[in-house]
Amino acid sequence: MLVRVEMELEDKPGQLVRVLEPVARFGGNIQSVVHLREKKTPLGRLPVTVVFEIPDREKLERLLETFRGMGIRITQVGEREWTAKTTILLLGHVVHSDLQKLIDALNTMGGVRVSDLSLAMRGPGMESAARMSLVAESSERLSQALSLVEEMASKMELLSVRVVGQ
Amino acid sequence: MRVIFVGFGNLGRGLARALLQPNNPLQRQGTEVKVVAVADDRGGVVDEKGLELGKVLETAEREGTVASLGRPGLSAVEVIRETEAEVVLELTPTNIRTGEPGLTHIREAMKLKRHVVTSNKGPLVVAFRELSELARRQGVQFRYSATVGGAIPVLTLAKRLSLGDRILAIRGVLNGTTNYILTRMEREGLPQDIVLREAQELGIAEKDPTLDLEGVDTACKLVILANATLGLDATLQDVRVLGISRITPEALKLAKEAGYTIKLVGSADSKGLSVRPSLVPLDHPLAVSGTLNAVCFELEYGREVTITGFGAGPRETSSALLSDLVEVSQNI
C-alpha cells in the first residue's frame, strides 16, 4: 500500500535521517520526502511529508508506533489516493442478479475497490441499469478488474458497457 | 471516360443526377463522362456512343427499371463483358454473407481490366484481400470510399496518416441510424422502440433496421477500414459484435450523470476487432450526435486525429462516388 505520513520534526540536525531509518526497517520503500523549512510551526517545528510503499497495514501500525515512541509528532496519515479510475455500466436484470457477489469478488481482488454504485430502474419485471465506479492502484489492476467484471457480468446475462479504449 | 452503371437504385440514380448537373466535379477538371451502359436486376441498356442519361434516369424513376429502354433480361455480367468502358460503377445492394451479386460483377470487371468504383460493402467484407490483389495484378484502380463514412474522406485520411506515422488503433462511430437513436433516447428519455419508429418515419432508419441495430453495418465498415488501413485480412467473422438493443434511457441517464454518453463504437486495436456500445466521455471527439459519424485514429506520434461528418444518405454517397471517379480519371 502507498501511504502518506505528515509529521512535525524538531529543527535540529539529523532529525530527517532519524525518521527515514525506521521506514526502511519495516520494509517501506520511500517515494518522496517533502521538507518545508519555510512552513515552520509556531512551536518551531518543521512539517515533513513522507510518501512510501509499505507491505501491509500491520507493518504501518508498528512503524507509526515506533515514530510516536521516538517523540515524533504525526499530524496526518493517509493512504495515497488511487489514481486509476473508471466507470462501467451493467445492463439487464441487475437487481435480481448476483451483483453482491461481483462487488465482493472485486473488493477481495486487492488493489481495486468499488467506489460508487448507482441504480436506475424502469419498472417491475423490466431490465434495469447499474453504474459502477472502480478505483485501482494501477491501470494494470484496473484492466484486470474490468476483465473480471465483464466475465462475471456475461455469466449473469448482463451487458457491460465500458469506457471506450479501456 | 466511359462508365458502366451496374445497379441503378437510389444510389445509382443519385449519382446520375449529380453527373447531369452542369459544372459537376468531373466537368470542372475537364473529364467528359460518357455513360455507355446501365444495368439493373431486370435488364440493361447499352449505347457505345453514350446513353442519354436524363432519359435513362426518367425511365428508371417511372418504371423502377431501365429494361424497357434496352433489353429486358440482359444480365449485368453480360453488360460488363460486352461493353467497352474504362470504369465499372458497382452500386448493387449489399449482401454481407455472399457479397453477391457485387462480388461477381467486380471480379468480371477487373478481369477485363476495368477500373472499379463501388459503394457495395458486401464484396469487400467477404473478399477484401482477393479483390485488392486482383486489382493490383490486373493493374486497375479499385476505389470504395463510399462504403465507409460516406462523404467523409476516412480512407484518404488514413492513407495520409500512414505515410509518416503509424496507426495504432481505429475507433469509430460508423452508423448514423444507431447514433441518431441513441442521441434521441438520451435527449428525450424515450424508449428505443419509439425513437426507432420516429427514425423510420424520417427515413433515417430502414424498414428492417436489424443490421444497423445489431451492429452488423458498423462491423462491415470496421472490417473495410481495418483491412484498408492496417493491412489486415479480416472478414465479418473476425469481429465481436454487440448491438444497441439493450441500451435503455436509464442506461443513458446513468452514463450522463457520470460525464459520459453511450455510442456504438467499432474498434480495431491490439485486442482485435469489436463493435459494442461504449461509454464515451462527453468531451471526447467521438461524442458526436444525431446521424453524424466520427472516426478517431490513434497514432504512434501524432496522438489522435478525428474526422467527423455525415456518413450515409444518397447525397453523401454521391459525394464519395464522385471523388472516387475524379481520382480514377486523374490516374488513367
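How many residues does the contact take from chain A, and how many from chain B? Keep that in mind as you open the viewer; this is a predicted model, and the tour begins where its two chains meet.

**Stop 1: the contact between the chains**

Show chain A and chain B together. The contact takes 17 residues from chain A and 17 residues from chain B. Now select strand 5 (84–92), strand 6 (112–120), strand 7 (128–136) and strand 8 (159–161) of chain A: each of them supplies at least two residues of the side that touches chain B. Strand 5 of chain A brings the largest share of that side, 4 residues. Colour the side of chain A that touches chain B by residue class and you will find 8 nonpolar, 5 polar and 4 charged residues.

Next, add helix 12 (residues 249–257) of chain B. This helix lies across strand 5, strand 6 and strand 7 of chain A. Compare its direction with strand 7 of chain A, and the angle is about 30°.

**Stop 2: the sheet in chain A**

Hide chain B for a moment and keep the strands of chain A. Here 4 strands form an open sheet, in the order 6-7-5-8, with antiparallel pairing. Which strands stand at the edges? They are strand 6 and strand 8 of chain A; each has a single partner strand, so one side of each is left without a neighbour in the sheet. Look along the sheet to see the turn from strand to strand: on average, neighbours are rotated by 25° against each other, direction ignored.

Zoom in on strand 5 and strand 8 of chain A, which pair in the antiparallel sense over 3 bridges. A good pair to label is Leu90(A) and Ser160(A), since Leu90(A) stands opposite Ser160(A) in strand 8. Then bring in helix 3 (residues 99–109) of chain A, which packs on the sheet and touches strand 6 and strand 7 of chain A. The direction of helix 3 makes about 160° with that of strand 6 of chain A.

**Stop 3: domains of both chains**

Zoom out and colour by domain. Chain A is divided into domain 1 (2–79) and domain 2 (84–161), and the C-alpha centres of these two domains lie 37 Å apart.

For chain B, the assignment gives domain 1 as two stretches, 2–150 + 314–331, and domain 2 as 154–310. Their centres, taken over C-alpha atoms, are separated by 28 Å. Select the place where the two domains of chain B touch: 14 residues of domain 1 are in contact with 15 residues of domain 2. Which helix gives the most to the domain 1 side of chain B? That is helix 6 of chain B, with 6 residues. The same side of domain 1 divides into 7 nonpolar, 4 polar and 3 charged residues.

**Stop 4: helix 6 of chain B and its partners**

Stay with helix 6 (residues 121–138) of chain B and add helix 5 (residues 102–111) of chain B. Their axes come within 10 Å and cross at roughly 5°. The two helices are therefore roughly parallel to each other. To see the contact, show side chains including Leu103(B), Ile106(B) and Met110(B) on helix 5, and Val126(B), Leu131(B) and Leu134(B) on helix 6. Taken as a whole, the contact holds 9 nonpolar, 3 polar and 2 charged residues.

Now swap helix 5 for helix 11 (residues 216–230) of chain B. Helix 6 and helix 11 pack at an angle of about 55°, with their axes 9 Å apart, and are therefore oblique to each other. The crossing is left-handed. From helix 6 of chain B, select Lys121(B), Leu124(B), Val125(B) and Phe128(B); they meet Cys220(B), Lys221(B), Val223(B), Ile224(B) and Asn227(B) in helix 11 of chain B. By class, the residues of this contact are 6 nonpolar, 1 polar and 2 charged.

**Stop 5: a hairpin in chain B**

Finish with strand 2 (residues 34–40) and strand 3 (residues 43–46) of chain B. These strands run antiparallel, joined by 4 bridges, and a hairpin connects them through 2 residues. Label Ala37(B) and you will see Val46(B) of strand 3 opposite.

Strand 3 of chain B also runs antiparallel to strand 4 (residues 71–72) of chain B, with 2 bridges between them. There, Gly43(B) stands opposite Pro72(B) in strand 4.

Key: Residues are numbered from 1 along each chain as its sequence is written. Chains are lettered from A and ligands numbered from 1 in the order in which they are written. This is a predicted model: local features need pLDDT of at least 70, side-chain atom pairs count only at pLDDT 80 or more; totals for chains, interfaces and linings use all residues. Domain bounds come from an automatic or database domain assignment. Axes are lines fitted to C-alpha atoms, for helices over the stretch in contact, and angles run from 0 to 180 degrees between N-to-C directions. Angles under 35 degrees count as roughly parallel, over 145 as roughly antiparallel, 65 to 115 as roughly perpendicular and the rest as oblique. Two residues are in contact if their C-beta atoms, placed from the backbone, lie within 7 Å. Ala, Val, Leu, Ile, Met, Phe, Trp, Tyr, Cys and Pro count as nonpolar, Asp, Glu, Lys and Arg as charged, and the others, Gly among them, as polar. Two strands pair if DSSP finds at least two bridges between them. A crossing is left-handed if the near helix is turned anticlockwise from the far one by less than a right angle, and right-handed if clockwise.
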